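The following paragraphs lead through one structure, beginning with the surroundings of its ligand and moving outwards to helix, core and domains. Please keep the sequence and the model in view while reading.

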Amino acid sequence: MRLAEALLQALRRAGAREIFGIPGDFALPLFDAIERSGELPLYTLSHEPAVGFAADAATRFHGGIGVAAITYGAGAFNLVNPIAGAYAERTPVVVLSGAPSRSERSSGLLVHHQARSLDSQLNVYREITCDQAVLDDPAGAAGEIARVLRTCRERSQPVYIEIPRDMVTADIGPVPVLPPSPVDVDAVEAAAVEILERLRAASSPVLMVDAEIRRYGIEEAVAGLAQRLGIPVVTTFMGRGLLAESANPPLGTYIGVAGQPEITELVESSDALLLLGVILSDTNFSISLRQIDLRQTIIAAERQVRLGFHVYPDVPLADLVIAMAAKARPLGISPDLPDPPPPPYDLPADDASVSPNDIATAINDMMRSHGSLPMASDMGDCLFTAMDIDQQALAAPGYYAGMGFGVPAGLGVQVATGERPLILVGDGAFAMTGWELGNCRRYGWDPIVIVFNNASWEMLRAFQPDAGYNDLDDWPFHELAGPLGGLGIRVRTRRELAEALELAVATRDRFVLIDVVMERGSMSDTLSRFVQGFGRRRAAAESG
Ligand code: TPW
Ligand code: MG
């Protein structure tokens, strides 16, 4: 079989559902093979960062693996940032890069798009992917593809595959289906038993979940386990949106001082905090009201279980959850579960100017009337505002925090779900990747996009109030929508916002951009508390 076909079939078998990409001459043979084989649908976008964000977000929604196909050098280096983000946030995205042919490599000339050496690109990607293969040898290619795809799934992180352009049509053997990497079944059992004993001995155990439970497709299993144990569940900031559709959604989201005090108290006073698939990041933990001693918590993530100083290596999260479920009996605690305040509803339709919190309220009202929409959010106050939106499936860079994610991620969400997504994005982030909306018409995508337009890098201003460089110009984003194939509406008041959302819901054949003009300095309550919490932490750290 030809290499490209074998590769595409193996990708599909490994859980790929689509390819996002931008071609270039080194990748033309590969793109031809993608289009001709029809193995996976191909969506081209306008700038490689968007390719990576869309592939990442689609993967977060459909499970399986994502694919980002780009050309050598100029294309691949443009893709570095989203792949770094996917690495940090544990999304399994396969990078397919075209590359110079074997004869071009040995010609002695510098090749266009080359940075330093021909392998500079590979070396950069070694840092941000968990396995790499350069398919320059027909004899070894099938085995390399199989290994890299297995690593991608098992580590749930990006991998890198480089395809010299003359290799696309090379004959290779069938790509084997590798068995899963060995797991120490006894270690899994022992870890499950020890965790359950710790929980049973505790008086206020709490389960906190994060990205990995979605990446490994075990959300339902975790929900079932929690219910069997009778243990309260919360998500991290990064994990907001997990289990949103479960029969027993989480009590809320832990954001330390920035979050709901009831949830903060529950988590920080727990004597057995079980972190399943949790990323131990500063956005998740550094704004604790009371320092959480991570050595006293139980952590299962990155194929490891840690209880204090006791470490079980090679314990896949899914295996652990299954083993725990098999042994789980009700913990017999009847905790006084807090009743966090319900999300805000019923926005007054008046002529007051819009605040970020109003946007959350308006979205809650809209979804209550018309059904929920899957969401993607950028970094910025829009993500903090999203914490007040009644729990919905959400793709957001809650840990890596890269701007520019929101709009292309929303496009990926629409591809993965077939549903119309809701995209939350700041004006600064929209200026980075918002143009990608111009690709909606070709593919029949119709997201609803809410631009938090405060003519400002407001989140930075919140940390550095006197800085002039955080002022942005007032760009009429709503006027850009029409020429790009969408409908644009600018709103300034709460009444206009509610009406615009109704109109957006009723407009089904194109994207709708609602440009919400807000005052500089107007911030969501969650972001204000987050900024204050960070300030206090920094002051405490500096005073020793
Ligand atoms: C790729 C640093 C974090 S938040 C922010 C910046 C520049 C301002 C965001 O402005 P926006 O939203 O989108 O108007 P808002 O609500 O704050 O007004 N470059 C990248 N990523 C990050 N995170 C930054 C810079 C940053
Ligand atoms: Mg802004």
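In this predicted model, a polar side-chain atom of Asn 454 lies 3.0 Å from an oxygen atom of ligand 1. Two further polar contacts to ligand oxygen are made through the backbone: an N or O backbone atom of Gly 428 is placed 2.7 Å from an oxygen atom of ligand 1, and a backbone N or O atom of Ser 456 is found 2.9 Å from an oxygen atom of that ligand. Around ligand 1 there are 16 residues, of which Ala 401, Asp 427, Gly 428, Ala 429 and Met 459 come nearest.

The domain assignment divides the protein into domain 1 (3-167), domain 2 (185-327) and domain 3 (356-529). Helix α15 covers residues 356-370, and its length can be checked by simple reasoning: at 1.5 Å a residue, its 15 residues should span 21 Å, and because the C-alpha atoms at its ends are 21 Å apart, expectation and model agree. How much of α15 is buried? The count is 12 of its 15 residues, so the helix is largely enclosed by the rest of the structure. The buried residues of α15 are Pro 356, Asn 357, Asp 358, Ile 359, Ala 360, Thr 361, Ala 362, Ile 363, Asn 364, Asp 365, Met 366 and Met 367. Just after α15 comes Gly 371, which takes a positive phi of about 95°.

Turning to the nonpolar interior, the largest core holds 49 residues, and within it Phe 20, Phe 430 and Leu 437 touch the most other members. The element that gives the most to this core is helix α3 (residues 48-62), with 8 residues, while domain 1 (3-167) and domain 3 (356-529) each supply at least three residues to the core. Apart from this core lies another one, made up of 45 residues, among them Cys 382, Ala 386, Leu 422 and Ile 448.

What does Leu 437 touch, once residues up to four places away in sequence are not counted? Its partners are Val 407, Leu 411, Phe 430, Pro 447, Val 449, Leu 484, Phe 511 and Leu 513; of these, Phe 430 has already appeared beside Leu 437 among the residues that touch the most other members of the largest core.

There remains the relation between domain 2 and domain 3, whose C-alpha centres lie 31 Å apart. These domains meet through 18 residues of domain 2, which are in contact with 15 residues of domain 3.

Methods
Residues are numbered from 1 along each chain as its sequence is written. Chains are lettered from A and ligands numbered from 1 in the order in which they are written. This is a predicted model: local features need pLDDT of at least 70, side-chain atom pairs count only at pLDDT 80 or more; totals for chains, interfaces and linings use all residues. Side-chain values use heavy atoms; hydrogens and water are left out. A nonpolar core is a set of buried Ala, Val, Leu, Ile, Met, Phe, Trp, Tyr and Cys residues joined through side-chain atoms within 4.5 Å. Buried means under 20% relative accessible area, exposed over 50%, partly exposed in between (1.4 Å probe, protein chains only). Helices (H or I, at least four residues) and strands (E, at least two) are DSSP runs, numbered from the N terminus. Domain bounds come from an automatic or database domain assignment. Contact means heavy atoms within 4.5 Å. The expected span of a helix is 1.5 Å times one less than its number of residues. A residue is near a molecule or strand if one of its heavy atoms lies within 4 Å of it. A polar contact is a pair of N or O atoms within 3.5 Å; within protein, one must be able to donate a hydrogen and the other to accept it, and residues adjacent in sequence count only if both atoms are side-chain atoms.
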